[in-house]
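Let's take a look at a protein chain together. Have the picture open while you read.

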Amino acid sequence: MCKRKGYSMALVFIILFMGFFMIHLSCGNSASPYSSMDNRDYAKALGISAITCSYSDFISQKDCESEKHYHADNGAECIIVICDNVDYLFVQELTNTNEQGNVDYYLREVVIRNPYYRFGKYKIGVGSKREEIAKAYRKNAECYETEKLGSGYIDGCWLYVRFMYDENDCVSQMSISQE
């Protein structure tokens, strides 16, 4: 009798665990119901194939003004591509190669200073007021603040969307990264 009760309790525990796990998967990585954005929506608004696209895919889609190659503090090779006052940061991925067998670079961060780009049903972007940002992302988890990128929220499938504000509490810079 005790053995059967033990198996029943274990089964109930497993079912509860699976239920919580399924809820986490369906809610934790989905777009905010208020910003209604997922990773594809952010990419589409920027005119690129994916938030994590490769450098070779990116340059076939965009005609950009300039690019700068440099080594990050950790030694990784990086490329910053500037298009329409938007910086696209690509980092070399030593474990991935492109179709020609060469090491490729992948998009890790986008920094937007152009008011043309707008996101979600509230049309959030450079020039938006702090209250509008708070309203659009009110159901999202907040992400940690960084000195160069500001504070923000987690949206889409674990995208960190951060905002810097000017003296009038309007967005002066917006960044999107997958960390």
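## Surface

How much area does the chain expose, and what share of it do carbon and sulfur atoms supply? The chain exposes about 11,000 Å², and 56% of that comes from carbon and sulfur atoms (areas by the Shrake-Rupley method with a 1.4 Å probe; for residues, only the protein chains shown count as cover).

This is a predicted model, where local features need pLDDT of at least 70, side-chain atom pairs count only at pLDDT 80 or more, and totals for chains, interfaces and linings use all residues. Residues are numbered from 1 along each chain as its sequence is written, and side-chain values use heavy atoms, leaving out hydrogens and water.

## Overall layout

You'll find four helices and eight strands here (DSSP runs numbered from the N terminus: H or I of at least four residues for helices, E of at least two for strands). Along the sequence they go α-α-α-β-β-β-β-α-β-β-β-β.

## Rings that meet

The chain has nine aromatic pairs (Phe, Tyr or Trp rings, using Trp's six-membered ring, with centres within 6.5 Å; planes under 30 degrees apart are stacked, over 60 edge-to-face, the rest tilted). One of them is Y55 with F90, edge-to-face at 5.5 Å centre to centre and 80 degrees between the planes. That pair ties helix α3 (residues 55-61) to strand β3 (residues 86-97), with the two residues 35 apart.

Y55 is buried at 14% relative accessible area (buried means under 20%, exposed over 50%, partly exposed in between, with a 1.4 Å probe and protein chains only). F90 is buried too, at 0%. Ring pairs join Y55, F58, Y88, F90 and Y105 into a cluster.
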